[in-house]
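Let's take a walk through a protein model together, stopping at a few backbone oddities and then at some charged pairs. Have the structure open and follow along.

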Amino acid sequence: MTKDVLDVTERSVRLDTGTLRVRVRESAFALDELCGFAARHNRKRGFLFLSKVLGKHWPVTPTRMREIHAHLAGQLDLGAGPCLFVAMAETATGLGQGVFESRLEQRPETEALFIHSTRYRVDGRAALDFQEAHCHAPDQLLYAPIQPEQRRRFESARELVLIDDEISTGNTLCNLVESYRRLNPGIERVHFVAITQFGGADSAVRFSERLGLPVECVAALHGEFAFEPAASWFTDEPPPAVGDNRLMPHDLAEDLGRFGIDRPITVPSMDLEELAEGLESGDPVLVLGTGEFMHLAFRVGLGLEALGLRVAVQATSRSPILVGADVGRRLVFADNYGEGILNYLYNVDPDDYVRLIVCHETPRAGLDDLLQNLGPRHRPYQPRATARKGS
């Protein structure tokens, strides 16, 4: 797989699955600073915008992640509220929570609630369902918050802020708005937020016309794309990506985003000191999230960075991506959620780090295959509130 630069605003990328062409219309950052490109093992969509600042498929410093969160939050034009921030699973759960927290830092008076969508079913919990049609695992859920005051904000929001890592067609975000609007017909404005928005200059107008609501598109980069599939890529069957995904309620963290949160999360200083024990200033450390459980890794990474360590953040993924283009390495292991499907870690060599900290919400036993792949320098970390529920 090779990449050819046509000029400063256009890029043609040849992948095993076809040819991707992108054109940057306006951007606060250079294209190469924000993303690379890869081929999906997915018949519905053969390409992937591979973010370099998301912390999902590429190691990134927590400082850089926070810069992107703050940039996106700073562009939001929100009213008094209540505002509902929703991050899209699995890839953008951490990004969305980071944008939400940055908004509260910039405008503490904002009446807001954060929640992220999920693919994990929890019996007995009310949820909206919607489709991510192009995805290998298309069914998504959005659970109603558990706490009464958060439930009130969830059901009475006047502005809806939907965050994803990239926007191309916008169909998934529109599907979610339509599903949510059946619960809350009083919604007045919608904001689509992403690192890269490749839907074209008329995206906001098209989304507004479809939804019958004002839609604002916020992104660090705006542009267009076109994809020409290769003739042969449809013949290779992708691996199974939909599991049983029926977990016990105590197997998922209830207080960190999936069921609603109205404040930034914090990592106790005692935990950070324990995680850094035995390390010296400047030592390279990787902090890993697991699946949708991403944002805690970012917060741990920020804390360790403040202690003088050289930190990178990333998360495991259920998304099957082909090695090549901007994916140079892939680890494959059993998922820690017990779904019976493969999980992956991209562009990480465990030997590059003196310690690998794995943040998880599920019981410790489910991590065994991942930890074996990481080697002896790993250290699992489960926040205490979650550990009381899940272990």
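Strands here are DSSP runs of E at least two residues long, and helices are runs of H or I of at least four, numbered from the N terminus. Keep in mind that this is a predicted model.

With that in hand, look at the loop between β18 (342-346) and β19 (355-359), where you'll find Asn347. Asn347 isn't a glycine, yet its phi is positive, at about 60°. Is Asn347 buried or exposed? Its relative accessible area is 19%, and buried means under 20%, so Asn347 counts as buried.

Ala325 does something similar in the loop between β16 (310-315) and β17 (330-334): this non-glycine has a positive phi of about 50°. Ala325 is partly exposed, at 29%. Another backbone spot to visit is the cis peptide bond joining Ala89 and Glu90, with omega at about -5°. Glu90 sits in the loop between β6 (83-87) and α3 (93-106).

Now for the charges. Side chains of opposite charge can pair when their charged atoms come close. The model has 30 salt bridges. One of them ties Glu224 to Arg23, with the closest N and O atoms 3.6 Å apart. This pair links distant parts of the chain, strand β13 and strand β3, 201 residues apart. Both belong to a network of salt bridges with Glu10, Arg25 and Glu26.

Arg151 and Glu155 also pair up, at 2.8 Å. Why does their spacing matter to the picture? They are four residues apart in helix α4, so about one helical turn separates them.

How values were computed: Residues are numbered from 1 along each chain as its sequence is written. This is a predicted model: local features need pLDDT of at least 70, side-chain atom pairs count only at pLDDT 80 or more; totals for chains, interfaces and linings use all residues. Side-chain values use heavy atoms; hydrogens and water are left out. Buried means under 20% relative accessible area, exposed over 50%, partly exposed in between (1.4 Å probe, protein chains only). A salt bridge is a side-chain nitrogen of Lys or Arg within 4 Å of a carboxyl oxygen of Asp or Glu.
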